[in-house]
Amino acid sequence: MTYQSINPNTGKLLKSYEHLTAAQLEKSLATAEATFQTWKRTSYAHRAEIINKAAALMHAQADDFAKLAALDMGKRIAEARGEVNFSADILAYYGKNGAAFLANTKLHPKHGEAHMESSPFGVIFCVEPWNFPYYQLARVAGPHLMAGNTVVVKHAGCVPQCAIAFEKLLLDAGAPVGAYTNLLISHQQSDQVIDDPRIKGVALTGSVAAGRSIAARAGQNLKKTSMELGGSDAFIVLDDADLDKAIPWAVWGRMYNAGQTCCAAKRFIAVEAIADKFLARFKTALEALVPGDPMDPKTTHGPLSTEDALLQLLKQVDAAVKGGAKLLMGGKRIDRPGSFMQTTILTDIAPNNPAFRDEFFGPVVSFYRVKDEAAAIALANDSDFGLGGSVWTQDEARGKRVASAVDTGMMFVNNIDWSDAELPFGGIKNSGYGRELGNMGIQEFVNKKLVRTGHFPAPV
Ligand code: NAP
């Protein structure tokens with residue numbers, strides 16, 4: 001399949017692009033490798049200047065970038081603007097802190113002196129999803145370019161305009177050709193890229209299926225990978241939760257980005273004492289959302305990214321109902337042009353229902369009622385995923401205790417303000433491994449080299 005920008009609000013094809021030819025792909029990889037040889041010798045100050053310039057340009061052109069996200073994948077315009085500005089902040093964060101994160105660290109051996117130093121790996125191949133068409137790119141471009149690596153990026157097939165705009169951004173900011181390269185390539189070509197000896201590391205954000213395929217291929221080549229995969233985060237409502245605060249977050253946590261977020265709240269687990277009240281108020285709040293054109297600021301419920309994404313979600317909801325789940329609301333496509341899904345609540349999901357384990361990537365709530373806190377923790381942990389989750393209680397110490405007991409990479413107490421440039425992002429289990437953002441994110445693809453110095457006698 002070629003790269004296609006299809007407006008999911010209307011179904012209209014806007015632009016399409018062919019895959020790179022073999023010769024074009026070879027030229028891109030050769031340029032990325034040649035540029036690495038000079039880029040790795042540039043100073044942190046020089047790299048920071050370019051990355052900070054890219055951040056400033058992104059802020060200045062936020063409306064243009066945001067519009068492309070709305071057109072390519074249906075993101076509501078205010079959310080798209082927020083994503084663009086946050087992406088620029090991530091670039092600036094690495095521009096500011098990258099050198100300090102990678103500074104030599106002193107060690108204290110018994111004899112002599114020692115330190116660790118950091119050097120870039122080389123060309124890093126990044127495979128990225130459409131749901132945050134800029135944020136995902138900033139999460140890899142900021143740290144890896146600051147570290148002295150160069151990156152070649154395969155973005156998702158449905159967001160080619162965003163992918164091209166981001167590559168242009170870095171060139172406009174003064175990055176040399178080959179520092180950041182967008183590759184319009186097929187999965188088969190992606191395998192060739194992974195096999196290519198010039199590629200020294202592979203970062204994926206995407207589905208579990210993609211993770212299995214890409215990590216296996218990289219593993220055959222003994223190349224380091226980081227995997228940011230799916231999630232099915234629990235939203236645990238304890239008996240003492242403040243519903244006035246929890247309900248707006250529940251709506252946001254499930255509906256932000258039309259529900260297409262890896263760490264979205266997907267399984268709502270409420271303890272018996274508060275379950276009815278929570279569910280009634282959550283349903284009322286969801287009913288108030290207004291579907292419409294993502295470009296219209298009044299719209300509070302946008303389309304899914306593609307028609308295929310909608311069909312897949314409808315299939316999952318049908319399978320859940322066939323498996324015995326009850327539909328409290330929604331479950332169908334919205335009767336209007338474009339790829340819109342009704343806001344949906346599923347209840348009575350038994351452990352043998354496929355919905356119990358699957359990730360719903362859209363506006364579908366899975367609601368569970370449990371006896372008490374211990375049962376809530378047990379259910380939260382009964383998942384193949386381990387990305388994030390949240391706990392709602394007026395007792396913060398209790399919230400922290402529950403957070404510690406849930407097996408995920410990230411937990412939130414009384415908020416789900418997931419992402420910040422400084423906060424490491426990532427999961428465990430089928431949600432993957434490795435971290436992006438923060439200090440940890442820049443360490444993923446650098447060689448941590450030990451250097452020990454000092455004259456001391458050889459042991460006899
Ligand atoms: P996807 O199908 O895995 O696509 C993600 C990227 O991987 C796209 O660029 C896709 O390219 C590419 N891809 C898929 N299979 C591939 C293969 N065999 N070889 C090479 N490239 C391959 O994911 P999605 O379903 O569109 O995206 C949503 C998923 O990403 C969800 O599961 C979500 O939870 C996860 N996600 C995770 C995070 C995180 O940080 N943990 C963040 C955002 C999203 P094509 O488009 O060309 O197929």
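**View 1. The ligand shell draws on both domains of the predicted model.** Domain 1 (3–229 + 431–451) and domain 2 (233–413) each give at least three residues to the shell around the ligand. In total, 29 residues surround the ligand. The closest are Glu 128, Trp 130, Ser 207, Leu 229 and Glu 359. By residue type, the shell divides into twelve nonpolar, twelve polar and five charged residues.

**View 2. Oxygen atoms of the ligand lie beside polar atoms of Glu 128, Ala 156 and Ser 207.** For Glu 128, a backbone N or O atom is 2.8 Å from an oxygen atom of the ligand. A polar backbone atom of Ala 156 and an oxygen atom of the ligand are 3.4 Å apart. Ser 207 takes part through its side chain, where a polar atom lies 2.5 Å from an oxygen atom of the ligand. On its own the ligand has 900 Å² of accessible area, and the protein covers 84% of that area.

**View 3. Helices and a strand contribute to the shell around the ligand.** The elements that supply two or more residues are α5 (135–146), α7 (187–195), β8 (199–205) and α8 (208–220). Of the shell around the ligand, α8 provides the largest share, with three residues.

**View 4. Domain 1 and domain 2 of the protein chain are in contact.** The domain assignment of the chain gives domain 1 as 3–229 + 431–451 and domain 2 as 233–413. Taken over C-alpha atoms, the centres of domain 1 and domain 2 are 30 Å apart. The contact involves 20 residues of domain 1 and 27 residues of domain 2.

**View 5. Area is buried between domain 1 and domain 2.** The size of an interface is often expressed as the accessible area lost when the parts come together. Between them, domain 1 and domain 2 bury about 2000 Å², with 57% of it on carbon and sulfur atoms. Of the area that domain 1 buries against domain 2, Asn 9, Arg 76 and Ser 431 supply 30%, more than any other three residues.

Technical notes: Residues are numbered from 1 along each chain as its sequence is written. This is a predicted model: local features need pLDDT of at least 70, side-chain atom pairs count only at pLDDT 80 or more; totals for chains, interfaces and linings use all residues. Side-chain values use heavy atoms; hydrogens and water are left out. A residue is near a molecule or strand if one of its heavy atoms lies within 4 Å of it. A polar contact is a pair of N or O atoms within 3.5 Å; within protein, one must be able to donate a hydrogen and the other to accept it, and residues adjacent in sequence count only if both atoms are side-chain atoms. Accessible areas come from the Shrake-Rupley method with a 1.4 Å probe; for residues, only the protein chains shown count as cover. Helices (H or I, at least four residues) and strands (E, at least two) are DSSP runs, numbered from the N terminus. Ala, Val, Leu, Ile, Met, Phe, Trp, Tyr, Cys and Pro count as nonpolar, Asp, Glu, Lys and Arg as charged, and the others, Gly among them, as polar. Domain bounds come from an automatic or database domain assignment. Contact means heavy atoms within 4.5 Å. Buried area is the accessible area (1.4 Å probe) that two parts lose on being put together, summed over both.
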